[in-house]
There are 2 protein chains.
Amino acid sequence: MPRKPSYDRDALIAQARDIFWRQGWAGTSLKDLERELKLKPGSFYAAFGSKDALYALALQRYAQDGVSNMMALAQELGPLGALKAQPRRVIEASELPTKACMLSKTYAELQAKDHDLADQARTHMIVMKTCFADLFRQAQNAGEIGADHDPDRLAARYQSDLLGLRLSAERDDINAVEIAEDIATDLDRL
Amino acid sequence: MPRKPSYDRDALIAQARDIFWRQGWAGTSLKDLERELKLKPGSFYAAFGSKDALYALALQRYAQDGVSNMMALAQELGPLGALKAQPRRVIEASELPTKACMLSKTYAELQAKDHDLADQARTHMIVMKTCFADLFRQAQNAGEIGADHDPDRLAARYQSDLLGLRLSAERDDINAVEIAEDIATDLDRL
DNA sequence: GGCTTTATTGAGCGATCACTCAAGTATATA
DNA sequence: TATATACTTGAGTGATCGCTCAATAAAGCC
């Protein structure tokens, strides 16, 4: 008896993710979303409830894709190979709306206001860090890196370096590929 | 014959810098500024012209202080000593409104909108990077690091690492001191 | 004290914000 | 085909945005 929506909800979330990712939370107005997603206010609120609710879905999608991307890379190149390849991959992916990490942008923008979304971004970043730590642990067990390193500490440093790299990659005065290679090279000395 | 302002303009700029630094551009309303600086709208606009103009002054102040701070540190500890000390210094300074770099926050927030302030932040970051490069060059000339390194490349990597570190230092799930020490230790291997 | 000059005040401007809702439209079942 | 059920539409809500300006107060010079 009902009528089906004319839109693809998942596609809209991915589209919203790209807009939020690029422009940030405050930088994206409902006008922007309505225009890009081609939804009138009524449909928007029927579909997602609020701007923040859609942002939360976008963050979730972003984080999920990030982890599964890393997992797939590890499957292909092994744990250390994945960790070494990721820096270049992330700055050379040309289809991304922007190079910087959406989680860190969200956290940086909204933490001072104690916004719910900042907490969600923080949680997603912890999951990602845990994923990195697992890969370092696997690399250690495989003998690819020395046993005298704390995988959690390596993961924190690695994630920190990636955040810096991705921020730097937004600047045209910086050769991000060089930084990415230096990060990868450092992993060989472990 | 005239009447003098009752406020200290420099102090107001420093205060505005801290508010903008913490809350970002969109996250800071004129209501916020009027309340914190204790200026009514009329006085505010007579003194600074616009929100963006005050933000530009705040950015400038921030960048100037950053460079002169680094110069002073180099005077005290030498070029390599300053570069090694800075990571810990910047995350342990307890009087800062927030750990993350104001220039990178500004750039990340406003770059997508092609805002003037993003360009200004970018320019300030280049100056800072040049300052780092000079210190690496001095350290090289002093024989403190190998001659087979490009100071500009080292500076770009170093600045990138600092940005990541300072972002990470905002998170309570991360031991930023460990990252800072690892960054400093890496400089010894050059 | 009188006068000029500037600082201070705060009500209020138009624009935009996130969001609502009643009316209209399309579709799956009966 | 008739009806029930959702989806779609867009004008319009109150709140807040950055900002203006006419009125008032205060300070320096004669």
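Here are four short exercises, with worked solutions, on this predicted model.

**Exercise 1: the layout of chain A**

Task: Work out how many helices and strands chain A has, and what pattern they follow along the sequence.

Solution:
- Step 1. Begin by counting: chain A holds eight helices and zero strands.
- Step 2. Now read along the sequence, and you find the pattern α-α-α-α-α-α-α-α.
- Step 3. To picture the space taken up, imagine a box along the principal axes: the C-alpha atoms of chain A fill one of roughly 60 × 45 × 30 Å.

**Exercise 2: inside, outside and charge**

Task: Find what share of chain A is buried, and describe its exposed area and its charged side chains.

Solution:
- Step 1. Chain A has 190 residues, and buried ones make up 52% of them.
- Step 2. Turn to the outside: about 9,000 Å² of chain A is exposed, with 49% of that supplied by carbon and sulfur atoms.
- Step 3. For the charges, count 25 positive and 29 negative side chains in chain A. The centres of these two sets are 7 Å apart.
- Step 4. Finally, look at contacts between residues at least 6 apart in the sequence of chain A: 64% of them join residues at least 24 apart.

**Exercise 3: how the two chains are related**

Task: Decide which kind of axis relates chain A to chain B, and which residue of chain A comes closest to it.

Solution:
- Step 1. Recall the general idea: a rotation about an axis and a shift along it relate two copies of a chain.
- Step 2. Here, a turn of 180 degrees with a shift of 0.0 Å along the axis lays chain A on chain B, with an RMSD of 0.0 Å.
- Step 3. This is the relation of a two-fold axis.
- Step 4. Gly164(A) is the residue of chain A closest to the rotation axis, its C-alpha lying at 2.0 Å.
- Step 5. Now compare the interfaces: 100% of the interface residues of chain A are also interface residues in chain B, so the copies meet through the same surface.

**Exercise 4: a residue and a helix of chain B**

Task: Is Arg157(B) buried or exposed, and what covers helix H5 of chain B?

Solution:
- Step 1. Locate Arg157(B) in helix H7 of chain B, residues 151-168.
- Step 2. Its relative accessibility is 10%. Buried means under 20%, so Arg157(B) counts as buried.
- Step 3. Look across to chain A: Arg157(B) touches residues including Arg157(A), Asp161(A) and Asp186(A).
- Step 4. Move to helix H5 of chain B (residues 102-110), where nine of nine residues are buried; among them are Met102(B), Tyr107(B) and Leu110(B).
- Step 5. The cover over these buried residues includes helices H5 and H7 of chain A, together with H1, H4, H6 and H7 of chain B.

Conventions:
Residues numbered from 1 in each chain as written. Chains lettered and ligands numbered in written order. Predicted model: local features only at pLDDT ≥ 70, side-chain atom pairs only at ≥ 80, totals over all residues. Heavy atoms only, no water. Helix = DSSP H or I, 4+ residues; strand = E, 2+ residues; numbered from the N terminus. Buried < 20%, exposed > 50% of the residue type's maximum accessible area, 1.4 Å probe, protein only. Contact = heavy atoms within 4.5 Å. Areas by Shrake-Rupley, 256 points an atom, 1.4 Å probe, with all protein chains shown as cover. Lys, Arg positive; Asp, Glu negative; His and termini not counted. Charge placed at Lys NZ, Arg CZ, Asp CG, Glu CD. Least-squares fit on C-alpha atoms with pLDDT ≥ 70 in both. Lists of a residue's contacts leave out its neighbours within four places in sequence.
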